Structure formats: C-alpha cells, structure tokens
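Work through the exercises below with the structure open beside the text. Try each task before reading its solution.

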Amino acid sequence: MSAVDIRGVSKVFGSGPGQVEALKDIDLSIESGQFVSLIGPSGCGKSTLLRLVGDLLPPTGGSLTVAGKTPHEARLSRDYGMVFQQATLLDWRSVRANVELPLEIMGASADERTARAEEMLELVQLGDFGGHYPWQLSGGMQQRVAIARALSFKPSLLLMDEPFGALDEMTREAMQDELLRIWERSKRTVIFVTHSIPEAVFLSQRTVVMSRRPGRITRIVDIDLPYPRDEDTREDRRFYDKVTEVREALREHE
Amino acid sequence: MVAGAVDTWTEGRRLPQWLRSTLWFVAILGFLLLMWEGYKFLWTEMGWSWPVRPINRSMPHTWDIVDALFSPARRGGSDILLVILGEAALFTLREAVLGFVIGAIVGFFLAVVFVRSPLAERSLMPYVVASQTVPIIAIAPMVVLWAGRNDWPQWIAVAFISSYLTFFPVTINALRGLQSPPPTASELMRSYAATPNQELRKLLVPAALPYIFTALKISATASVIGAIIGELPAGLPNGLGRVLLRFASSFSSAPEKLFAAVIVSALAGIVFVAAISLAERMIVRARPEVFQAEPESLSVATHRGIA
C-alpha cells in the first residue's frame, strides 16, 4: 500500500469568471518511507497540493488516500507532521513547551511529554535549549524546534512547505544535512515543497517537477544518488547532472 | 537601537529601574506644581488675565489644595476632607470594579463569538459600535429607573452603566488579538486535530492576552468615569459623582475643594490601572524586559514571534 496515493486530483479556487485553476489532473503515488520533493515556479500549486494531502484544503475533483485512509481520517488519526516556511513557534512557551504542544493536545501524560520533548530536542541537537524562548534562538534553530515539534507525536507522514526558504545559504545546507540524518533514522515518508533545485536534488529520492496555470506534474525525476548523502555528494558529477536534468525539465514548460 | 547602545554603555552606574522611574515621577510632579505657582506669580505681577485670571478664587494655591485635603470638610465637622473623599472614592471604585468585571466578561465573550463566526461579527458589530455612540448621559437614567422598578440596589445599576463603557474596548482589542496568530498557526492546530476549544485555550487566548490587557487598562479608566456619571441620575449621595457635583457648584467660594476632589478621583483611576498592570506582569510572563515596558511594541513582538 502506498503512503500517499493521488489520482486525477484537481483544485479550483473561487467560481465564475474570477476562478483560478490551481491544480489539474494530478497523479502521484508515494511509497512508504520515501522522500519526495515538489518543485516548480511560484503559483504552480505545489503548496496547494501539499495542503490537499494534509486535509487543510478540500480537492475539487479526483481522489486522495493516505495509507489507505481519506486525508480527513488521516488527519484525525494524527498522521501528519507539518513544517512551514515560518517556524510558527508560540513565543509565550519555552522551546520544550513548544515541542510538547501537540502531545498536550493529544492528551499525553506529563511524564511522556517531558520524555518525548527531551528525545526530540536531542534529535535536532538542541538538547541544551529546552528552557530557552523562541525569540532567543536563531532562525535555523527555530526551524529545528519546528521539526522536533512535528516529529514529537510520531506522525507517519512529514509535510514540509519550503521549511528552509527563509534561511541563509550556509544554514540552509546545514539544515539539509540534518534533515537527511533525521529522515534516515526515523524512516518517515516526507513530502518536501521547495523552489530550490539543488535542495530538491540533494534531499529527495524523487523530484516532482510542476508547471503553472494550471498546475500539473510535467516530469518526475528519479534521483538515484546513494545515501547517506553529504558534502561530497554536493560536488559529485552525478549530482550536477541531476540538477541540470531538473532545471531543463522546469524550463521546458515555461 | 541608539537607546540600547547608550543603556549598555551606562550599565555600570545605573540606578535601579524602579528608583529611576520614581525619581522621574517626582521630578515631573514638582515641575507641574512649579508651573502652576509660576503662572500665578507671573500673571499677577504682569497684570495678565488671559486665559485664566491668576486669582485664588479660580486658581487656588497648591498648598491651599493640600491644606483643604487635611482640614475638616464642613465647619465644625470632625472628618477631614481626605477621609470623606477617600470613602467616596472607595464607594465609586466598588461600582467601577463590578462594572469593569461585567464589561470585561461580556466584551471577551463577544470577541470569542465574533472570531468563531464571521457572520456574527458582520451582523452584530454595527450594533456594538452604535452602542458606544449613544450618550451615556441618556442611558444612565433609564438603567437607574429599570433597576429601581426591580428593587435592585442603586449601586448595582451604576455598575451596569459603568460596564456599558467597559465592554467595548475589550471586544475590539480582544478580537484583534484573537485574530493575530498567522494562518499557519491555525493550520498547525488543525494538523494536531485540536478541538476548537483547545485551539482557543492553547493558541488564540494566549496570543490575545497582550491586546486584552491593553484594553483592560483603557476600560479601567472608562469604568471609573462611567461609575461617576452613573451616580448622578441615581442620586447616590455616597460616591464621587455627588461630591464632584457639590464642590463644582460651590467652586467660586471654595475652589480648592473641587481640585482636591479631582485629584482623589484621578488617584482612584490610577490605582485601578496600576492593579491591572501588576496582574499583566504576573500573567503575561516570559517576555523580553524591553517589551514589558512598552505594551505597544509587545503586541507587535507577539505577532512577529508567532509569525
């Protein structure tokens, strides 16, 4: 059973002459444990597609299943961990309390929450920062807290919407390394929206290239570079070849 | 930026924060008294009479006002004016506090209804705004009359008049605060399958608290004004309203008494607002110090922090 199955999905915003066709005839199947990136120009509907999977928006047509369930059922059974471009931490809560927030809502005991939060903060290498407040952290650290929070309740699917888009290049590459390390340890399915070609290629097993108006999938590029990927990967000839392949796929439909 | 740099530079020889603010408060009080007496002196010397004649019957000496506070209120009476004004202020504060609590609860409840239902906001908000354009002077006698028909104590009627001025700032500001988290914060709560109640308690209300406290400080002063005005048609003899009215009518013979009453009325409002500020400091924890000093930047910081 695939982790995510998308068939003939379309999404139209509004109605009448002002309506916008955001997505058209999307077919995509993602295996369990896979790391898949969605890439495309602004307005190609990649974030919309992510929100359809996560049951934040209803599709206009077609069908979606997540581990055999409807997106709505999957959301109610807490299958989604979400990370956005903005860390969206609550600034009246300490870092630890932010990580505990989903567990609190799900009714976990205080002991369990503390233990999970410690474990997650260790995972993102912020073990010493549990007592700090979000405004005391750098942008990269805030985003790591957001990842720890998303993983705290062990969702089967991680949905990431340009999570490193607001970070500087150095921090961004460090975060990519870290995300891969976390992914290889937890083996969760990841859908990662980005507009950076090297980022998509470096991270994912498959890169889904989208075009706009209406948003549709134009090509799926398999990235068969071996894991673990590291600094050497970034300088590997095959990495450049894949970057070029994705870039050309994006250009074809401009 | 510049202020921050200077603060760091002088860090070593700074007086404690509370002492510095107290010193400034005293200095400004001294300056105001000096301006008052200076005006009287200069205008008398120069023979000027515009805008106010510097005579004791319209501008009493500051020391005469203080003296009036500590003299018997009536000739041959035993209680000094300060005690009488203090008791009147406490009576009015009791009405104001009850009105404030009712108004704050109603105001917050309306904001929650509005944030839950945009339809309710669109259809009810015009009435909420209209309620504040109706002069309180017109409503107060009606409320007093209705309360009298139902045998409610008069001071309760006054509290309701006071609550009428209180709820509006709370509704407007709380609504703004409840709407302050960015859409992604709500999407996160949705992804946790949080109930509407959980979203309210864990996200919306904490985000709105700085806005609510700003509103409560506005409402605290408004509730005292509302109580004073409400006392007039109610004909309550024990509050500040009647005292102010009485001293205003005898202004030309004893102006210092009205000034003394104004000072005590202002003090009542200040005490109320100070109590709210204290509660704010205890409840809205874990903020950077700089934001605690400036409520305005606090709300902005909150927004950025969540965004």
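Two parts are said to be in contact when heavy atoms lie within 4.5 Å. The model used here is a predicted one.

**Exercise 1. Describe the sheet of six strands in chain A and the helices that touch it.**

Solution.

Step 1. Find the order of the strands. The sheet is open and reads 5-6-7-3-8-9 in chain A, with mixed pairing.

Step 2. Find the edges. Strand 5 (80-83) and strand 9 of chain A pair on one side only, and these are the edge strands. On average, neighbouring strands here are turned by 20 degrees against each other, direction ignored.

Step 3. Look at a parallel pair. Strand 3 (residues 35-39) and strand 7 (residues 189-194) of chain A run parallel and are joined by five bridges. Within this pair, Phe35(A) stands opposite Val190(A) of strand 7.

Step 4. Add the helices. Helix 1 of chain A lies across strand 3, strand 5, strand 6 (157-161), strand 7 and strand 8, and runs at about 150 degrees to strand 6 of chain A. Helix 5 (residues 139-151) of chain A also packs on the sheet, where it touches strand 5 and strand 6. The direction of helix 5 makes about 170 degrees with that of strand 5 of chain A.

**Exercise 2. How many residues lie between strand 8 and strand 9 of chain A in their hairpin?**

Solution.

Step 1. Establish the pairing. Strand 8 (residues 206-211) and strand 9 (residues 216-222) of chain A run antiparallel, with six bridges between them. One facing pair is Ser211(A) and Arg216(A).

Step 2. Read the turn. Four residues separate the two strands of the hairpin. In the turn, Arg213(A) has a positive phi of about 50 degrees.

**Exercise 3. Describe the sheet of three strands in chain A and place helix 1 of chain A against it.**

Solution.

Step 1. Give the order. This open sheet runs 2-1-4 in chain A, and its pairing is antiparallel. Its edge strands are strand 2 (20-30) and strand 4 (61-66) of chain A.

Step 2. Check one pairing. Strand 1 (residues 4-13) of chain A is joined to strand 4 of chain A by five bridges. Leu64(A) in strand 4 is the bridge partner of Ile6(A).

Step 3. Place the helix. Helix 1 (residues 46-53) of chain A lies across strand 1, strand 2 and strand 4, running at about 120 degrees to strand 1 of chain A. Helix 1 of chain A also lies across strands of the sheet in Exercise 1, among them strand 3 and strand 7.

**Exercise 4. Which residues of chain B lose the most area to chain A?**

Solution.

Step 1. Take the whole interface. In it, 24 residues of chain B are in contact with 25 residues of chain A. The two chains bury about 2300 Å² between them, 61% of it on carbon and sulfur atoms.

Step 2. Pick out the residues. Arg190(B), Tyr192(B) and Lys202(B) lose the most area, together 29% of what the side of chain B buries.

Step 3. Turn to charge and polarity. Three salt bridges are counted between chain B and chain A. One of them joins the side chains of Arg190(B) and Asp55(A), at 3.7 Å from N to O. Nine residue pairs across the interface are in polar contact.

Step 4. Assign the elements. Helix 8 (183-191), helix 9 (196-234) and helix 13 (295-306) of chain B each give two or more residues to the side that touches chain A. Helix 8 of chain B gives the most, with seven residues.

Step 5. Sort by class. The side of chain B that touches chain A has 15 nonpolar, five polar and four charged residues.

Notes:
Residues are numbered from 1 along each chain as its sequence is written. Chains are lettered from A and ligands numbered from 1 in the order in which they are written. This is a predicted model: local features need pLDDT of at least 70, side-chain atom pairs count only at pLDDT 80 or more; totals for chains, interfaces and linings use all residues. Side-chain values use heavy atoms; hydrogens and water are left out. Two strands pair if DSSP finds at least two bridges between them. Axes are lines fitted to C-alpha atoms, for helices over the stretch in contact, and angles run from 0 to 180 degrees between N-to-C directions. Buried area is the accessible area (1.4 Å probe) that two parts lose on being put together, summed over both. A salt bridge is a side-chain nitrogen of Lys or Arg within 4 Å of a carboxyl oxygen of Asp or Glu. A polar contact is a pair of N or O atoms within 3.5 Å; within protein, one must be able to donate a hydrogen and the other to accept it, and residues adjacent in sequence count only if both atoms are side-chain atoms. Ala, Val, Leu, Ile, Met, Phe, Trp, Tyr, Cys and Pro count as nonpolar, Asp, Glu, Lys and Arg as charged, and the others, Gly among them, as polar.
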